[in-house]
Amino acid sequence: MEEVVRSVPDFLGALPASMVALVALALISYRVSWGVLRNVVTIAHEGGHALVALLSGRRLNGIRLHSDTSGLTVSTGPSRGPGMVLTLFAGYPAVSLLGLMAAWLVSVDRVTLLLRASVVALALLLVALRNLYGLLSVLLTGAALFVVSWWADPEIRLLCARLLGWFLLLGGVRPLFELSGKRRRGRAGDSDADQLARLTGAPAVLWMSLWSLIALGALVLGANWLLASPFRFW
């Protein structure tokens, strides 16, 4: 009897990757769930700005995450030049590239490493946060990943890692459509794309196109890895 009846973790862990992708797509498409989970995308976006600011030699002053799922990363350094351009550029691609990294780690059976590395990254991000909502967002996200990575069954860890990968890959695409819509309505004058246009002289549509290419390329490659990921739990 025990051989016939499968446990819930076994069943969830064996869900086809395509079904997990559909769940992620539904979460991103449904307005209510997206309104909550978009905070995770904002964390990744602002984290990208912060990391590149530090790598380019700028001083990171702080990060603020807001309840409308917007965010702001402030750094000190030259107001022009490669460091500022790279810092502004990094936010949108960061989400897709993190999703791509997650997909690769799942494909090479490093699920626990993915989840625990995410917890460490969120813990490091805490020191840069400058508002209460941001602290709560990162703490809740980190706590959820911590519980899954330390105490969940291997099958549930695999499911969550796949879902995280799909969510970031798809979540790197939707904000670009949202930004495009806001720009058409004249409601995004201070967007990253418009700031880059003023800084470099290159049109905002060029930056949008580059981000779209990165997001779609990451989605295609990441999907290939996730759809081919093995069903091993050790």
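Here are some short exercises on charges, patches and annotated spans in this structure, each with a worked solution.

Before you start: this is a predicted model, where local features need pLDDT of at least 70, side-chain atom pairs count only at pLDDT 80 or more, and totals for chains, interfaces and linings use all residues. Residues are numbered from 1 along each chain as its sequence is written, and side-chain values use heavy atoms, with hydrogens and water left out.

**Exercise 1.** Work out which residue pairs with Arg174 in a salt bridge, and how they sit in helix H9.

Solution. Start with the rule: a salt bridge is a side-chain nitrogen of Lys or Arg within 4 Å of a carboxyl oxygen of Asp or Glu. Arg174 meets that with Glu178, the closest N and O atoms being 3.0 Å apart. Next, look at the spacing: the two are four residues apart in helix H9, so about one helical turn separates them. (Helices are DSSP runs of H or I, at least four residues, numbered from the N terminus.) Now check cover, where buried means under 20% relative accessible area, exposed over 50%, and partly exposed in between, with a 1.4 Å probe and protein chains only. Arg174 comes out partly exposed at 25%, and Glu178 is partly exposed too, at 22%. Finally, widen the view: Arg38 joins Arg174 and Glu178 in a network of salt bridges.

**Exercise 2.** Find the salt-bridge partner of Asp194 and say which helices the pair ties together.

Solution. The partner is Arg183, at 3.0 Å from N to O. Asp194 belongs to helix H10 and Arg183 to helix H9, so the bridge ties together parts 11 residues apart in sequence. As for cover, Asp194 is buried at 14%, while Arg183 is partly exposed at 31%.

**Exercise 3.** Identify the residues of the nonpolar surface patch and place Leu139.

Solution. Patch members need over 30% relative accessible area and no salt bridge; like charges are joined within 9 Å, nonpolar side chains (Val, Leu, Ile, Met, Phe, Trp, Tyr) within 5 Å. Here Leu132, Leu135, Leu136, Leu139 and Leu140 make a patch of about 490 Å². Leu139 is in helix H7 (residues 132-151) and is partly exposed at 46%.

**Exercise 4.** Describe residues 84-106 and 159-177, using the UniProt feature and the helix content.

Solution. UniProt, in an unreviewed entry, lists both spans among its "transmembrane region" features; such annotations may be inferred rather than shown by experiment. Residues 84-106 are 96% helix, with end C-alpha atoms 33 Å apart. For residues 159-177, the values are 89% helix and 28 Å.

Definitions and conventions. Areas by Shrake-Rupley, 256 points an atom, 1.4 Å probe, with all protein chains shown as cover.
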